[in-house]
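Trainee: I should like to examine how the helices of this model pack together. May we proceed by question and answer?

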Amino acid sequence: MAAALLSAPTLKSPFLGRRLSIRGHSSRSKPDCFGYISPKCAVDTPYEGSILKFPRAHVWDPYKRLGVSTDASEEEVWSARNFLLDQYANHERSFESIEAAFERLLMTSFKNRKKMKINLKSRLKKKVEESPPWVKNLVSFVEIPPPVIILRRLFLFGFMACWSVLNSAEAGPAFQVALSLGACIYFLNDKNKSLPRAAIIGFGALVAGWLCGSVTVPLIPSFLLQPTWTLELLTSLVVYVFLFLACSFLK
């Protein structure tokens, strides 16, 4: 018995479930100097071996890198960027390459919009210069104030209009129209530093608004109006619009 065991020594491993030979077969495994056989593991493979890499990471053209045409819309660019980021999110260099191409396209789009605005202003200015003299004189009386000033004056005249509508059952809008005219003249005088000029423009806006309201209000169908809304009230609403435009955009 002892001689048989020494001639072909074998043992069973409870961990591997197979018979391990002490002598083994050299063709299957290569033990190290201590007689230990290192098992193969997935960790021995390169880390990025199972991670998708962006194949166009080194493409210089941002359109080709994202896979969109040069005339693609912003929605198409955003869609391509989101799709690629979802697909290559686990690879850092691919992620950075996609983001860099997307940022370049954003900057290009911003510059193109800025150029379009500048070109639009230059075209309008050129058309005004080529227009007849009466058009030039008319445009010279118009200016666009800051948005804050426009909103403040819009709120003021809107408040006057609401006040007139709410008070329509008790009295007419004469008091509110007088206040609005005074505010219009004050704003124009503060802008032009000329009270006579401001008064002329203010009264001109009042007359123009009243005439326009007197013509257009009767054309409104009666079923759209409240019983307490008189012709005088509706005409005053048109006057508020003219006074607002005069004190906001006229010099």
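**Helix packing and the nonpolar core**

Mentor: The axes of H6 and H7 come within 9 Å and cross at roughly 170°; axes are lines fitted to C-alpha atoms, for helices over the stretch in contact, with angles from 0 to 180 degrees between N-to-C directions. Helices are DSSP runs (H or I, at least four residues), numbered from the N terminus. This is a predicted model, in which local features need pLDDT of at least 70 and side-chain atom pairs count only at pLDDT 80 or more, whereas totals for chains, interfaces and linings use all residues. Residues are numbered from 1 along each chain as its sequence is written, and side-chain values use heavy atoms, with hydrogens and water left out.

Trainee: Are H6 and H7 roughly parallel or roughly antiparallel to each other?

Mentor: Their axes cross at roughly 170°. Angles over 145 degrees count as roughly antiparallel. H6 and H7 are therefore roughly antiparallel.

Trainee: Which residues in H6 does Leu 179 touch, leaving out residues up to four places away in sequence?

Mentor: Leu 179 is found in helix H7 and is partly exposed, with a relative accessible area of 35% (between the limits of under 20% for buried and over 50% for exposed; 1.4 Å probe, protein chains only). The C-alpha atoms of Leu 179 and Met 160 are separated by 8.4 Å, the two residues being 19 apart along the chain. Contact means heavy atoms within 4.5 Å. On that criterion, Leu 179 touches Met 160 and Trp 163.

Trainee: Which element gives the largest share of the largest nonpolar core?

Mentor: A nonpolar core is a set of buried Ala, Val, Leu, Ile, Met, Phe, Trp, Tyr and Cys residues joined through side-chain atoms within 4.5 Å. The largest one has 21 residues, and Cys 184 and Leu 243 are among those that touch the most other members. The elements giving two or more residues to this core are H6, H7, H8 and H9. The largest share, seven residues, comes from H7.

Trainee: How far apart are the end C-alpha atoms of helix H9?

Mentor: The buried residues of H9, including Leu 243 and Cys 247, pack against H6, H7 and H8. The expected span of a helix is 1.5 Å times one less than its number of residues. For the 19 residues of H9 (residues 231-249) the span should be 27 Å, which agrees with the distance between the end C-alpha atoms, 27 Å.

Terms used. Angles under 35 degrees count as roughly parallel, over 145 as roughly antiparallel, 65 to 115 as roughly perpendicular and the rest as oblique.
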